[in-house]
Amino acid sequence: MSKKKHGADVWERNEIESPCINICVVHPQSRLCTGCGRSIDEIRDWSAMDAEERSDIIALLPERMNAIPKRRGGRAARLKR
């Protein structure tokens, strides 16, 4: 019998790494999620991809996020006033 602390198994889960930040809105022109930068197809297929495929996509996300047109207003604009 294992002597693990109660709840320790929570930290030993083998979940798939994901860039999702729970802001799931697809930009109409770029067709990319404004939260994570993935395409709809990538989001759909994410759990079926192997670690290398996911890593390749994750490496592209910063550049993609910079290419998504930003909103003109919102909270950031109000804070600049």
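Start with the whole protein chain: of its 81 residues, 21% count as buried, meaning under 20% relative accessible area, with exposed over 50% and partly exposed in between (1.4 Å probe, protein chains only). This is a predicted model, in which local features need pLDDT of at least 70, side-chain atom pairs count only at pLDDT 80 or more, and totals for chains, interfaces and linings use all residues. Residues are numbered from 1 along each chain as its sequence is written, and side-chain values use heavy atoms, with hydrogens and water left out.

Switch to a cartoon view. The protein chain has 3 helices and 0 strands, in the order α-α-α along the sequence; helices (H or I, at least four residues) and strands (E, at least two) are DSSP runs, numbered from the N terminus. Among contacts (heavy atoms within 4.5 Å) with a separation of 6 or more, 44% join residues 24 or more positions apart.

Next, select helix α1, residues 40-45, and pick out Glu42 within it. Glu42 is buried, at a relative accessible area of 12%. Its side chain reaches the backbone nitrogen of Ser39 at 2.9 Å. Add Met49, Ile57 and Arg64, which Glu42 contacts when neighbours within four places in sequence are left aside.

Now show the surface. For the protein chain, the accessible surface comes to about 7100 Å², and 53% of that belongs to carbon and sulfur atoms (Shrake-Rupley method, 1.4 Å probe; for residues, only the protein chains shown count as cover).

Finish at Ile21, in the segment before α1. Ile21, Ile23 and Val25 make up a nonpolar surface patch, together with about 260 Å² of accessible area.

Conventions: A polar contact is a pair of N or O atoms within 3.5 Å; within protein, one must be able to donate a hydrogen and the other to accept it, and residues adjacent in sequence count only if both atoms are side-chain atoms. Patches are made of residues with over 30% relative accessible area and no salt bridge: like charges are joined within 9 Å, nonpolar side chains (Val, Leu, Ile, Met, Phe, Trp, Tyr) within 5 Å. A salt bridge is a side-chain nitrogen of Lys or Arg within 4 Å of a carboxyl oxygen of Asp or Glu.
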